[in-house]
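User: Please examine one part of this structure closely, and place that part in the context of the whole. A connected account would be preferred to a list.

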Amino acid sequence: MKHLLSAALTLCIALLHAPLPADAAEQYTLTDMEQEITLTPGSAQEICLDAAGSFMITDSAHNIWMADTAGCSAPFTDIVLHTAAQGGLHYLFSFAEPGTYTVTLTEQGDSLLLSASAHIHSAVQYITDDPCARTAYSQCSCGAVLLDGRTTDRGDEAVFAHDYSETIRQPLPCTEPGTLHRVCRTCGYESDTDLPVQGHQLTLVAEGTDPALPQEHWRCTVCGKCFADAQAETLLSIPRSGSYDNITWSIKDGLLSVSGEGRLGMDPASSPCPWQQFREEITALEVGEGITALDSYVFAYLTSLKSVRLPETLTTVGEFCFEFDSALTAVTLPASVSTLHRYAFSKCSALQTVSAPGVTAIADHCFQDCAALESVALGNALQTVAQDAFSGCTRLFSDGACKTVGSVLVQYAGDSIVLQIPDGTRLIAQKAFSGASKLVSAVCPDSLRIIDDSAFSGCKKLSELRLNDGLERIGENAFSGCSALTAITVPASVTEI
């Protein structure tokens, strides 16, 4: 969430340390008389400053706290603040340069101590060919966008015109707020916007239409609950078993059993699947042999689901299939599963281990925000890994510049000029090196077999890339935007470009 001080001060990150209880310390406000940010003594808060400015602090009694010495311009450490009622001369303190500041406030007797450490934004790169930008701009080493003397970011719609795909994530039940998640199809920029409580989306089900509830009723198309009235006041109970199309299902003692043939999709008579009404009590899932594909959302929002057993006939896990299954800790996919679609396991916050020996394709954001994920076992069948497939998996990667999952180099986060890609790397994922602005020379290891789509796109300074014997496939646009790479020797082992 962003707050501005004179359209300049932006709250970048929430409190870095947990604030003290409200009754344990006075709350103070950093202000320039137009906008305000609350500060709690003993906690640190990070703010971004778009422009220079002079500020003061007020307390809950509206006393104004100012510096007791002149010339207090950040960065500074433990400058002393007093109120006008304490006498003497008082001065505004200031932030003389745009930048990111960590501000700490400490109470000391009748005075306050204010500290502000700084990262000063400076233009290190001038961007003229950003496909999403309305104009050329400068960029700081921290990624901040600098334009016309102010600091902004890629979410600034006055500067950037993104081509967004939109996904509404409305956590069940319908009585909770949701999120609008947007991803730019061109540059991959992501943004989340809070959505208000949606409420039930009711549709009238005529008498005799639904075998599970033969009487006329109203069904929510989001959470699956059924009501006797259009105001969603009288909840109806539905059976714990049933069938539709080629699917039979039942719930007993927390176990959801689903069997059938072919594709497992939504119930056309209920939409979503009928077991969603029992999502909080489902702790285990067993899908029978014969099911070949899981469609979008079929097992999403099962917040108590802890274990999953999938059939050897399964080949595909659809979009958002297990999203928000926040109690799921481990997933073992049979070797028959070849494709994991977008967001298939996203937001599974307790997921720690995944085994996917037969998977050939992992789509974008497949494991996004699986913050507990520590181990992913992948086989040599893997051919493509999309950008951001593992975004937000903070425990999965080491601190090195090359972020790897098994033998897959998922992302390069370094600033080296010359790089030896790590031995053992079999696949370089989509856009893994995209935008590595300092990279001039890279050497591929003998183990490398696949360079995925757009893997080195935007590496403007890359002038030398040594490909290895044994490399088999080079994806589409693998070197797009590598304007300094005028020649490359493709080994005879490459069979697909």
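Analyst: Of the contacts in the protein between residues at least 6 apart in sequence, 38% join residues at least 24 apart, a contact being heavy atoms within 4.5 Å. This is a predicted model, in which local features need pLDDT of at least 70 and side-chain atom pairs count only at pLDDT 80 or more, while totals for chains, interfaces and linings use all residues. Residues are numbered from 1 along each chain as its sequence is written, and side-chain values use heavy atoms, with hydrogens and water left out.

The protein has 44 strands and 0 helices; these are DSSP runs numbered from the N terminus, helices being H or I of at least four residues and strands E of at least two. Its C-alpha atoms fill a box of roughly 85 × 70 × 35 Å along the principal axes. Of the 497 residues, 46% are buried, where buried means under 20% relative accessible area, exposed over 50%, and partly exposed in between (1.4 Å probe, protein chains only).

The part chosen for the close look is an open sheet of 4 strands, ordered β12-β13-β14-β15 with antiparallel pairing; two strands pair if DSSP finds at least two bridges between them. Its edges are β12 (125-127) and β15 (150-152), each of which pairs on one side only. On average, neighbouring strands of this sheet are turned by 35 degrees against each other, direction ignored; the axes are lines fitted to C-alpha atoms, and angles between N-to-C directions run from 0 to 180 degrees. At the β15 edge, 3 bridges connect that strand to β14 (residues 145-147), and the two run antiparallel. In one of these pairings, leucine 146 has threonine 151 of β15 as its bridge partner.

Elsewhere, the loops show some unusual backbone geometry. Most residues other than glycine have a negative phi, and most peptide bonds are trans. Alanine 74 and proline 75, however, are joined by a cis peptide bond with omega of about 5 degrees, and proline 75 lies in the loop between β7 (73-74) and β8 (76-83). Histidine 62, in the loop between β5 (53-58) and β6 (64-67), has a positive phi of about 70 degrees and is exposed, at 69% relative accessible area. Aspartate 245 also has a positive phi, near 45 degrees. This aspartate 245 sits in the loop between β23 (241-244) and β24 (247-252) and counts as exposed at 64% relative accessibility.
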